Amino acid sequence: MKKCVYLILIFLFLIGISCLIFKKDYGFDENHAEIHEPLIVQNSYVPTGKNVTIDGVDYLQTQLPIGKFGGVFTSSILGDPKTFNPYNASDATSTELSEIMYDGLVQTNPTNGEVIPKLAKKIEVLKDNKTYIITLRKGIKWSDGVEITADDVYFTYNTIIFGGFGDGSAKDVMTIDGKLPSIEKIDKYTVKFTTPKIFAPFLRNLSASIVPKHVFEKATNKGKEYFLTFQSIDTKPNNIIYSGAFYISEYIPSQRVVLKKNPNYYLINKNNEKLPYIDKWVSIISGDTNNQTLKFESGAIDVLAVNGALVNRYRELKKHGDFELYNLGASTNTTFVVFNLNNRKNKDGKYYVNPTKQAWFHDKNFRSAVDWAIDRQDLVINIFSGLAQPLYSAEPINSIFLNEKVAKGHPKDIEYAKKLLLKSGFYYKNNILYDKKGNKVEFELLTNAGNTQREASGVSIKQDLEALGMKVNFKAIEFNSLINRIMNTVDYDCVLIALTSNINEPNAGYNVWNPYGALHLFNQRTANDLKESDKILDFENKIINLFKKGALELDFNKRKQIYDEYQQIVADENPMIYLYAPLNIYAIRKKVKNVYPTKIGGLFHSMAEIYID
């Protein structure tokens, strides 16, 4: 891949910084026996694939060891998908399936985080650092036999992403200082992107799923409302046209999703044989994490994310078991509590949240008091058996842009929290907290049912806040119902949830911090909001201006200062109160080969490359 030397040097510097950050202490005991003892030595190098042209087709050739063809891999997911349309996917299951079925132009090197080609054969960044020439692989096809060309890329970006179809997240992260890039088709296999300004995160944003124009154009022609229903979970699997390594062959709600290999995928092994190796990938839909554990121990599934409390048990089971354990380090998931700051009215003229509660949630001292009252160390020790780290920052622990000062956090301090509340006019009567108008402080805390660690966290947080005199009604509800209440009806007081972060690029979270972003959870705006009351809070404005500034800066040290400042504002204002980052520990059957876990790439970089021995 052809890039300018300047960008390469920047990236190598970022990698070095990343290694240093990983060694810092952010409030957990690295000498804790359960953490100090390594579970397995991780492979230090994963070779990058290379381009190979055979009979006019530009294949990507994996350099991993040659495996065996055939077999079934079985995993488990917690919830049903909500859609099979990658641009309507907002839940974890739908997003995962979308990434399996639709490839993007680029991917991330799992070892060092560098952006490398995928559907693209070559990427050239011109000297102005604003022009990107993307050359596609020739001869690769959609599942219906139609060739993948520049028309598909142009349509995906110009019509769907830039046109704001679906949930809009892809458009958010491509917006540069209020403007979008332009895209031009050069020839059948080449497109040119031009950004209005130098935009540091642009290459990484080219990982968005490319979809078939000849299929999706029929939906976009019918408008955005129709598009939201296009390729729903009621779609027959054989009607879905895909480009990825696997496709959905069967979906039975609340039971399983069955994926079969794409026989014409463009990834090949060193013998020039088409991958994937495995014939079928079965993903069983489990009700909760306990059920997943039982399925693994019974032999029904091949891989398990191990609850921290079970790690010592699994160390013992491993001695005579048929599985191996992998420790991938701190999760890139940022788990947090978020209050609903939407003080606007819906289409019926009613407030989304009771104005009395809004007064509390908008009070900085109220949110800070909650922050100081939560015992993160207790969560880490009692729920994760020490196999997690307290989290105080909007960026994940292993981010190369982590604000080290913010990440150190603070201990629980109930007395200080009470002082903050008293400063805002709250008072106590019989150890019960009231606001200055005499209203008893009571609100609802929601999370998704089935995630036992998150449910246990909710119970613990409820108890911590009761020590402040607050009455917290904690409920765990079905995941899709929770997402609907957050994203659509905006009907919630407070939610305990998590988002996945990108450790190499803070701008991947642009849609979280953009006041009009699809994931601006703490002040979610909907199409029905009354614009005359659609105010942007001062700290929202400061954060998004920093994101705009950071995206336009190529120098790493200057970008780091900008993103340090945004993290400090979030820590001061607490619109999202961060809690912990569990260690990612997985058990996987020894029969599953070509497993090369990394902190960046996770357990599997490419399911097409694993095989069953």
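**Cavities and a pocket**

Me: Hi! Which elements each supply at least two residues to the lining of the largest cavity?
Reply: Those are α3 (92-101), β11 (256-261) and β13 (280-285). Keep in mind that this is a predicted model.

Me: Good to know. Which of the elements gives the most to that lining?
Reply: α3 does, with four residues in the lining of the largest cavity.

Me: And which residues line the largest cavity?
Reply: The lining is made up of I77, T93, E96, L97, I100, V257, L259, W281 and S283. By class, six of the lining residues are nonpolar, two are polar and one is charged.

Me: What volume does the largest cavity have?
Reply: About 50 Å³.

Me: OK, and how many cavities of 30 Å³ or more does the structure hold?
Reply: There are three at that cut-off.

Me: Switching to pockets: how much space lies in the second largest one?
Reply: The second largest pocket has about 1300 Å³ of space. Its lining has 36 residues, and those closest to the pocket's centre are G166, D167, L228, M487 and N488.

Me: Which elements give two or more residues to the lining of that second largest pocket?
Reply: Look at α5 (169-174), α7 (224-227) and α16 (479-487). The largest share of the lining, three residues, comes from α16.

Me: Last one: how many nonpolar, polar and charged residues does the second largest pocket have in its lining?
Reply: The count is eight nonpolar, 18 polar and 10 charged residues.

Methods. Residues numbered from 1 in each chain as written. Predicted model: local features only at pLDDT ≥ 70, side-chain atom pairs only at ≥ 80, totals over all residues. Heavy atoms only, no water. 1 Å grid on protein atoms, 1.4 Å probe; cavity = no way out; pocket = protein on both sides within 12 Å on 5 of 7 lines; lining within 4 Å. Points joined across faces, edges and corners; volume = space filled by probe spheres on them. Nonpolar A, V, L, I, M, F, W, Y, C, P; charged D, E, K, R; others polar.
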